[in-house]
Amino acid sequence: MKHLVLIGFMGSGKSTFSSILSQAFRLPVFSTDAEIIQDLQMPISQIFEVLGEDFFRKEEARVFEKILQLKHLHIIDCGGGFGFYQDVGRLGEVVFLDLSLDEIVQRLGQEEREKRPLFSSKQEVQRIFAERREGYLKNSRMILRKTNQDAVMEISDVLLPELLQQCKHKSGS
Ligand code: S3P
C-alpha cells in the first residue's frame with residue numbers, strides 16, 4: 001500500500017498539515033514520532049538523553065517496517081530525521097515541506113524547540129539543515145513551500161487520485 005508521506009525539517013509544520021489533510025481527505029494519520037513515544041512510553045527528549053540518538057534511529061527503522069505492513073491508506077507524518085534516513089520513497093508518494101530555516105525558527109517557540117534535542121545549538125541546527133535538504137529533495141515527488149488551501153488542492157488534484165486508485169484495485173481484486 002502506498003501512502004501520502006510528509007517529510008521536512010523539524011518544525012516545518014508536518015504534524016499540523018497532516019491533521020489538515022486528514023480532515024480534508026478523511027484519512028488516518030500515522031505519526032512516526034507518536035508511534036515511538038507510545039511504544040516506549042517516553043518523550044523524545046528523554047529517549048535521546050537516556051538511550052541516545054542511535055537508539056532512536058533504530059526505533060525509526062522499526063517503525064518503517066511497521067508502516068510497510070499497514071493495509072489502509074494513511075497520511076504518514078514523518079519525524080525530521082525519518083524523512084532523511086529512511087527510504088521513504090518505498091512508503092508512497094512523498095511531499096516535502098520546504099521552509100527556510102528562518103521560517104522554521106519563527107514558527108517554533110522556545111517550548112517547542114526544547115522538545116527537540118537536535119535544536120539545542122544554533123550551529124548544529126544550521127549544519128543538519130544544510131546536510132538534509134538535498135536528501136529531502138531527492139526523495140520527494142512534490143515540494144510545497146506553503147501549507148495553505150492551495151497546497152491541499154494540489155495534493156488533492158495530483159496525488160490523491162493515484163493513491164485512491166490503488167485502493168479501488170485492492171478492493172476489486
Ligand atoms: C528529529 C525530528 C523530530 C524528532 C526527533 C528527531 C530530527 O521530529 O523525530 O527530535 O532528527 O530531525 P519533528 O520533525 O516532528 O520535529
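The ligand in this structure, which is a predicted model, sits in the largest pocket, and I would like to begin there and then move to the residues around it.

The shell around the ligand is made up of 15 residues, and the closest of these are Lys-14, Asp-33, Arg-57, Arg-116 and Arg-132. If we sort the shell by character, we find 6 nonpolar, 4 polar and 5 charged residues. Two helices deserve a mention here, since helix H3, residues 44–51, and helix H4, residues 53–68, each contribute at least two residues to that shell.

Let me now turn to individual contacts with oxygen atoms of the ligand. In the side chain of Lys-14, an N or O atom is found 2.5 Å from an oxygen atom of the ligand, while for Arg-57 a polar side-chain atom lies at 2.7 Å from a ligand oxygen. With Gly-80 the contact comes from the backbone, where an N or O atom is 2.8 Å from an oxygen atom of the ligand. As for how covered the ligand is, taken alone it exposes 390 Å², and the protein buries 95% of that.

Finally, a word on aromatic rings, for which the count, taking ring centres within 6.5 Å as a pair, comes to 6 pairs. One of them joins Phe-64 and Phe-82, whose ring centres are 6.3 Å apart and whose planes stand at 40°, so this pair is tilted. Because Phe-64 belongs to helix H4 and Phe-82 to helix H5, residues 82–85, the pair ties together parts that are 18 residues apart in sequence.

Key
Residues are numbered from 1 along each chain as its sequence is written. This is a predicted model: local features need pLDDT of at least 70, side-chain atom pairs count only at pLDDT 80 or more; totals for chains, interfaces and linings use all residues. Side-chain values use heavy atoms; hydrogens and water are left out. A residue is near a molecule or strand if one of its heavy atoms lies within 4 Å of it. A polar contact is a pair of N or O atoms within 3.5 Å; within protein, one must be able to donate a hydrogen and the other to accept it, and residues adjacent in sequence count only if both atoms are side-chain atoms. Accessible areas come from the Shrake-Rupley method with a 1.4 Å probe; for residues, only the protein chains shown count as cover. On a 1 Å grid over the protein atoms alone, a cavity is a set of points where a 1.4 Å probe fits but cannot get out, and a pocket is an open set with protein on both sides within 12 Å along at least five of seven lines; lining residues have an atom within 4 Å of a point. A molecule sits in a cavity or pocket if more than half of its atoms lie within 2 Å of its grid points. Helices (H or I, at least four residues) and strands (E, at least two) are DSSP runs, numbered from the N terminus. Ala, Val, Leu, Ile, Met, Phe, Trp, Tyr, Cys and Pro count as nonpolar, Asp, Glu, Lys and Arg as charged, and the others, Gly among them, as polar. Rings of Phe, Tyr and Trp (its six-membered ring) pair if their centres lie within 6.5 Å; planes under 30 degrees apart count as stacked, over 60 as edge-to-face and the rest as tilted.
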